[in-house]
Amino acid sequence: MATLEGVRRRLDEWRPRIRSTFVIYLTPRPSPIPPERIDERFTVVTVTDPADPLVAWACSSKRQRRIAREAMGTGRWQLTVALDPDGEPAGRLWQSSASERDLANGVPRMRLCDDEVLMFDLFIERRHRRSGLAFTLADHYFRLLDPRTTHVRFVYGFVDFENVASILWHHAAEFQIAQTVNLLEVGPFVKWKLPFSDVPRFGPMSRRGRHTDPDRDVFGPPLMP
């Protein structure tokens, strides 16, 4: 019975789905996270070495580890990890600093300008999900992107239309909507934009965007009124 249940879970994981998604953005600024939402019990570290043991923790499969290590080896990806008071990993956040062009690496194909980055795969261990850790990670991220010391002008991310918790969190972190797209997802690695689903047709998920005209700014409404 356990084997049959495992097969069902596997088939469900690879069942094609179409997800309506917000492409969100923010501009580097002093951290908007209130001090009372920051949990100082956690230590946040930035990982750039592909051989770091935290990379294995942050990836759920051998294929994912291989993809991540190759991207980190070229300097394209870096990993932010929050450690609990015992030194155990409790949460993570990935960042890409170059256009994502691979067809099946688990990240939607996005075109980035030289002064843009993509934030993806925010994850908090279940036992820490009501601890304020997500805001602690966000505060650390804002400090990394201090406008006085960084060349980055825009930070992007993705939020599923149906993920209310994620929408609330990104709204609290002051993300705004750059575009909306429909993504075809098959398993953990295929996330393709459906043709002509990008609205507006100027942005990181479009043929035209700041990657073709860096002088233009990104603009859009907040995630919530």
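**Strand pairing and a positive surface patch**

In the predicted model, W77 stands opposite S96 of β4. This pair belongs to the contact between strand β3, residues 77-83, and β4, in which the two strands run antiparallel and are joined by 7 bridges. The hairpin formed by β3 and β4 has 5 residues between the strands, and G87 adopts a positive phi near 85 degrees there.

S96 also faces a residue of β5, standing opposite L118. The pairing of β4 with β5 is antiparallel and extends over 5 bridges. β4 thus has β3 as one partner and β5 as another. Strand β4 is mostly covered, with 8 of its 8 residues buried.

The loop between β4 (89-96) and β5 (116-124) contains R111. R111 counts as partly exposed because its relative accessibility is 31%, the partly exposed class lying between the limits of 20% and 50%. On the surface, R111 gathers with R101, R109 and R207 in a patch of positive charge.

A further set of pairings involves strand β1, residues 17-26. β1 and strand β7, residues 176-186, run antiparallel and are joined by 9 bridges. Within this pairing, F22 of β1 stands opposite T180 of β7. β1 also pairs in the antiparallel sense with strand β6, residues 154-160, over 6 bridges. Here V23 is placed opposite F158 of β6. In a regular strand, side chains alternate between the two faces of the sheet.

Definitions and conventions. Residues numbered from 1 in each chain as written. Predicted model: local features only at pLDDT ≥ 70, side-chain atom pairs only at ≥ 80, totals over all residues. Heavy atoms only, no water. Patch = residues over 30% accessible without salt bridge, like charges linked within 9 Å, V, L, I, M, F, W, Y side chains within 5 Å. Areas by Shrake-Rupley, 256 points an atom, 1.4 Å probe, with all protein chains shown as cover. Salt bridge = Lys/Arg side-chain N within 4 Å of Asp/Glu carboxyl O. Lys, Arg positive; Asp, Glu negative; His and termini not counted. Charge placed at Lys NZ, Arg CZ, Asp CG, Glu CD. Helix = DSSP H or I, 4+ residues; strand = E, 2+ residues; numbered from the N terminus. Buried < 20%, exposed > 50% of the residue type's maximum accessible area, 1.4 Å probe, protein only. Pairing = 2+ DSSP bridges.
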